[in-house]
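Subject: Structure handover

Hello,

Here is the structure for you to take over. My notes on what was found in it come after the structure itself.

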Amino acid sequence: AESSGAAFVTVHGRTRMQMYSGTADWDKIAEVVNAVRIPVIGNGDVFSGTDAAALAAKTGCAGIMAARGAQGNPFLFAEIRAALRGEDYVPPSARARLDAALRHISEYVAAHGDGAFADMRKHIAWYTKGMYGSTELRRRVNNCGSTAELSKALMRHITKLNSRLGLSESFSDAGIDKERYFANVPRWSEISLNAMATKLSPANMDVEKGKKFYTLCYYGSKD
């Protein structure tokens, strides 16, 4: 890759035969770091900020890539950034997780069409894992037949959580107030780019190329 002019290389510490089994071999990532002069992005078994910090310390990699760990948890990148900077991190509330899921639905369907809502059902399961009432919510989500039904199911669950906590705010079935509820929920591409920029500076990484790379990973864009 380096001799072909690559600006950086990403190494996942597993073989193709392993797929997702076992543990990632971070020693192999370290070997690549020591063998090339271009930045190496480490990937594999990054499910928390602690994991990311450990991977960086063990391998000396220039940056961190998270994959499965970010499924249903776009907040992982903020956690990683905090860990690498030695800062405290406050996990998102159930409400923040559901707001992110609603935005994810909106943007995913906008990019791929209304029929893509079915793909979002598995994402909702990831977003709500371990959440109060998640088993019943997943049952309802799996029976949804449209984007509107999917969004309504989530908004009703937010109302249920608010009621359980004694909060008065609730959602109507009219739709999503994007300006109000999505104002502080960052786009996936922005979160990913910020995470990448945590350790990689413009001096050794073309930020625009990185932005296109992450957009490709999430949206499947050809641009």
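Strands S1 and S2 (residues 40-43) run parallel and are joined by four bridges. Two of the residue pairings are worth having to hand. Thr10 has Ile41 of S2 as its bridge partner, and Val11 stands opposite Gly42 in S2. Please keep in mind that all of this comes from a predicted model.

The sheet as a whole is open and has three strands, in the order S1-S2-S3, with parallel pairing. Strand S1 (9-12) and strand S3 (63-65) are at the edges with a single partner strand each, so each has one side without a neighbour in the sheet. From one strand to the next the twist averages 30°.

S2 is covered on both faces. Val40 and Gly42 are buried on one side, and Ile41 and Asn43 are buried on the other. As background, side chains in a regular strand alternate between the two faces of the sheet.

On the overall layout: the protein has ten helices and three strands. Along the sequence, the pattern is β-α-β-α-β-α-α-α-α-α-α-α-α. The protein has 223 residues, of which 42% count as buried. Among contacts in the protein with a separation of 6 or more, 59% are between residues 24 or more positions apart.

Next, the helices, starting with H1.

Helix H1 (residues 26-35) lies across S1 and S2, and runs at about 180° to S2. H1 also packs with helix H2 (residues 49-59): their axes come within 8 Å and cross at roughly 50°. That angle makes H1 oblique to H2, and the crossing of H1 past H2 is right-handed. On the H1 side the residues involved are Trp26, Asp27, Ile29, Ala30 and Val33, which meet Asp51, Ala54, Leu55, Lys58 and Thr59 in H2.

H2 has a further packing partner in helix H3 (residues 76-85), at an angle of about 50° and with the axes 8 Å apart. H2 is therefore oblique to H3. H2 passes H3 in a right-handed crossing. H2 contributes Gly49, Thr50, Ala52, Ala53 and Ala56 to this contact, while H3 contributes Leu76, Glu79, Ile80, Ala83 and Leu84.

The pair formed by helix H4 (residues 94-112) and helix H5 (residues 117-127) has axes that come within 10 Å and cross at roughly 165°. With the cut-off for roughly antiparallel set at over 145 degrees, H4 and H5 are therefore roughly antiparallel to each other. Here, too, the crossing is right-handed, with H4 passing H5. The contact is made on H4 by Arg97, Ala100, Ala101, His104, Ile105, Tyr108 and Val109. On H5 the contact is made by Phe117, Asp119, Met120, His123, Ile124 and Tyr127.

Which residues of H5 are buried? They are Phe117, Met120, His123, Ile124 and Tyr127. These residues cover an arc of only 110° around the axis, which puts them on the same side of H5.

Helix H6 (residues 134-142) has Ser134, Leu137 and Val141 buried. Viewed down the axis of H6, the buried residues fall within an arc of 60°, so they line one face of the helix.

One last residue to look at is His157, which is placed in helix H7 (residues 147-164). Is His157 buried or exposed? His157 has a relative accessible area of 4% and is buried; the cut-off for buried is under 20%. Leaving aside residues up to four places away in sequence, His157 touches Leu98, Met131, Tyr132, Gly133 and Leu137. Of these, Leu137 is one of the buried residues of H6.

If you go through the model in order, I would suggest the sheet, then the helix pairs, then His157 in H7.

Regards

Definitions and conventions
Residues numbered from 1 in each chain as written. Predicted model: local features only at pLDDT ≥ 70, side-chain atom pairs only at ≥ 80, totals over all residues. Heavy atoms only, no water. Pairing = 2+ DSSP bridges. Helix = DSSP H or I, 4+ residues; strand = E, 2+ residues; numbered from the N terminus. Axes fitted to C-alpha atoms, helices over the stretch in contact; angles between N-to-C directions. Contact = heavy atoms within 4.5 Å. Buried < 20%, exposed > 50% of the residue type's maximum accessible area, 1.4 Å probe, protein only. Arc of directions from axis to C-beta. Parallel < 35°, antiparallel > 145°, perpendicular 65-115°, else oblique. Left-handed = near helix turned anticlockwise from the far one by under 90°.
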